[in-house]
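Here is a short briefing for a reader new to this structure. Look it over first, then read the points below.

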Number of protein chains: 2
Amino acid sequence: MSEDLKDYLDKTAEQVDMMLERYFSDAFGELYKASAHLLLAGGKRLRPAVLLLAAEAVRPGSSDDLMHAAIGLEMTHTFTLIHDDIMDGDATRRGAPTVHVKWDEPTAILAGDVLYAKAFEFITHAVADDRARVKAVAMLARTCAEICEGQHQDMAFEKAEKEVDAFEYLEMAGKKTGALYAASAAIGGVLAGGNAVQVDALYQYGMNAGIAFQIQDDLIDFIAPPEKSGKDRGSDLREGKQTLIAITAREKGLNLSKYRRPDLTPEEVDRAIAELKEAGVVDAVRRVAEEKVATAKHALTVLPECKERQHLEDLVEFFISRSF
Amino acid sequence: MSEDLKDYLDKTAEQVDMMLERYFSDAFGELYKASAHLLLAGGKRLRPAVLLLAAEAVRPGSSDDLMHAAIGLEMTHTFTLIHDDIMDGDATRRGAPTVHVKWDEPTAILAGDVLYAKAFEFITHAVADDRARVKAVAMLARTCAEICEGQHQDMAFEKAEKEVDAFEYLEMAGKKTGALYAASAAIGGVLAGGNAVQVDALYQYGMNAGIAFQIQDDLIDFIAPPEKSGKDRGSDLREGKQTLIAITAREKGLNLSKYRRPDLTPEEVDRAIAELKEAGVVDAVRRVAEEKVATAKHALTVLPECKERQHLEDLVEFFISRSF
């Protein structure tokens, strides 16, 4: 990542953190504490950054008016994480106990529901044209429904007796991860007064960027050392998860089911990786992610050349080079 | 209830049912089926009716443009029921299995989340001034957060070691039930182009009406025969629930804890009712509800006299005379 982009992301994350702290630090009562728990536990604040960069690329200076909307996107992301953690039965996230573990399931459902409401409220606080704000709300609403569809599909994959193909995987990743990046970019564009062509291009940018992000997540699970990724290396393999890697492996005739064991050793994970590299699976999956990145960057060509557009391009490159 | 109001409510419910059927009948996939399940299982559609009546009272003819918004309020109500049923562990509602029983908990969380999104989307579909639509969205968002607060408070009451007082009870009822009626009326008013005084009056109407509705719910549990209420008579008593009746009884020095037994007989419920009537508890609770109704009706005096204002007045009278 360029130093310049890194500075921008750090600065934005700091602003987001500060606003969230201010809003939630004197949160009254357990419910708001539960809503704030994961929100204040850090995170890269990438969706707010995408919203602000998109706005700035469309109309310089516009991002100052859109911090609330940017925060709204982070709240949306966090509400989905709180609810997903309940559904997936996950006990920790970002190094802290999940909300339903620290409190209980009913409180976690409500804590997510509160952030869901706040997300929409914060979008309405954007200093922008009224029609643009209505459009932004409609976009966020459609996106939230899509995220639910994506999560539902993902859960169905786990149970599925039938084999998932790459098309279905990419559809799921588009809904579960792509849609919110798409909405972040497009909402930034629409609130900044962008025209339909610009807003659509930003949507395509975010969608493709998000899918690439998701694919990279799957690669990280295999390849990155746990101290970097914060995850248990090879956990997807161990659980037989239907990732693009697993799907591509199957399509190339590889049988990964022998690795589907909770007691898989690091050596066996290494052997699996070697096997997947040998068969060209890792390269093929990387190519899909690179293709998404190229599409995302190409979409931005309708925007004027500027520093922020460059940042958006660099950001999506970072999405597939990161190891955490 | 007047025949005229009854006709209006029947006609509105029919329109709401028809629109929901059209939208969800060819719902694709299990997630949307789960979202539609409770929504299509009937219901009195009172919140859409309140929204449409409020709009019509502010500007005759406006309600035709607001069916989508009205449906949005019904979706909001239904999403809260789906999530509440999970939290409360209830297995049936409206004579049908609840969503988390018919499907599973993860699907029920998502099914509620989908309706939550659709509610906001439908508000944006209102044919109304852009600024009014932004206000309507902001109102709904604040209301959703309040409903969560109310449900959280209600759950806390169940566990509470400390005794709940009437003030806390009314605060909870205002958030859990009043807020959505308040939003229904106020959103109808704002989308119809009402001024701030009118919109505020409609909000007060709905808030007081909703609290009266909730108090009547508690009375019904005691007094109505189960074939009318669809509930097990005296269930609140049996469970020692902190209703306004229980709180008022305690404040009058009555000890209801002897009735807090799962094996309470109908004769014992009768004895409890006699005891509560004797001590003036039932009358005192009814007076609170009647006071709320009077306040609700008084708020409407800023609106022009018309058939719809009369309907709103009659409706809130019905709220505290109904036995189901």
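The notes below cover the chain fold, the relation of the copies, their interface and some helix packings.

The model is predicted. Chain A holds 15 helices and two strands. Chain B superposes on chain A by a rotation of 180°. In the contact between the chains, 30 residues of chain B touch 30 residues of chain A.

**Overall form of chain A**

- The secondary structure of chain A comprises 15 helices and two strands.
- Its radius of gyration is 20 Å, close to the 20 Å that the globule rule gives for 324 residues, so chain A is as compact as a globular protein of that length.
- The C-alpha trace of chain A spans about 55 × 50 × 35 Å along its principal axes.

**How the two copies are related**

- A rotation of 180°, with 0.0 Å of shift along its axis, superposes chain B on chain A. The RMSD of that superposition is 0.0 Å.
- This is the relation of a two-fold axis.
- Of the interface residues of chain B, 100% are also interface residues in chain A, so the copies meet through the same surface.

**The side of chain B that touches chain A**

- On chain B, 30 residues are in contact with 30 residues of chain A.
- Three helices of chain B each supply at least two residues of this side: helix 4 (67-88), helix 6 (105-124) and helix 7 (130-159).
- Helix 7 of chain B gives the largest share, 15 residues.
- By character, the residues of this side of chain B are 18 nonpolar, four polar and eight charged.

**Helix 7 against helix 7, across the interface**

- Helix 7 of chain A (residues 130-159) packs with helix 7 of chain B at an angle of about 45°. Their axes are 8 Å apart.
- Helix 7 of chain A and helix 7 of chain B are therefore oblique to each other.
- The crossing of these two helices is left-handed.
- From chain A, the helix 7 residues in this contact are A:Asp130, A:Arg131, A:Arg133, A:Val134 and A:Val137. They meet B:Asp130, B:Arg131, B:Arg133, B:Val134 and B:Val137 in helix 7 of chain B.
- This helix 7 contact divides into four nonpolar residues, no polar ones and six charged ones.

**Helix 1 with helix 3, inside chain B**

- Helix 1 (residues 3-24) and helix 3 (residues 46-58) of chain B pack at about 110°, with axes 9 Å apart.
- Helix 1 and helix 3 of chain B are therefore roughly perpendicular to each other.
- Helix 1 of chain B passes helix 3 of chain B in a right-handed crossing.
- Helix 1 of chain B contributes B:Leu9, B:Thr12 and B:Val16 to the contact, and helix 3 of chain B contributes B:Pro48, B:Ala49 and B:Leu52.
- The residues of this contact are five nonpolar, one polar and no charged.

**Helix 4 with helix 8, inside chain B**

- Helix 4 of chain B packs with helix 8 (residues 166-191) of chain B at an angle of about 165°. The axes lie 11 Å apart.
- The two helices, 4 and 8 of chain B, are therefore roughly antiparallel to each other.
- Helix 4 of chain B passes helix 8 of chain B in a right-handed crossing.
- B:Ala69, B:Leu73, B:Thr76 and B:His77 of helix 4 meet B:Leu180, B:Ser184, B:Ile187 and B:Leu191 of helix 8.
- Five nonpolar, three polar and no charged residues make up the contact of helix 4 with helix 8 of chain B.

Methods:
Residues are numbered from 1 along each chain as its sequence is written. Chains are lettered from A and ligands numbered from 1 in the order in which they are written. This is a predicted model: local features need pLDDT of at least 70, side-chain atom pairs count only at pLDDT 80 or more; totals for chains, interfaces and linings use all residues. Two residues are in contact if their C-beta atoms, placed from the backbone, lie within 7 Å. Ala, Val, Leu, Ile, Met, Phe, Trp, Tyr, Cys and Pro count as nonpolar, Asp, Glu, Lys and Arg as charged, and the others, Gly among them, as polar. Axes are lines fitted to C-alpha atoms, for helices over the stretch in contact, and angles run from 0 to 180 degrees between N-to-C directions. Angles under 35 degrees count as roughly parallel, over 145 as roughly antiparallel, 65 to 115 as roughly perpendicular and the rest as oblique. A crossing is left-handed if the near helix is turned anticlockwise from the far one by less than a right angle, and right-handed if clockwise. Copies are superposed by least squares on the C-alpha atoms of residues with pLDDT of at least 70 in both. The radius of gyration is taken over C-alpha atoms; the globule rule is 2.2 Å times the number of residues to the power 0.38.
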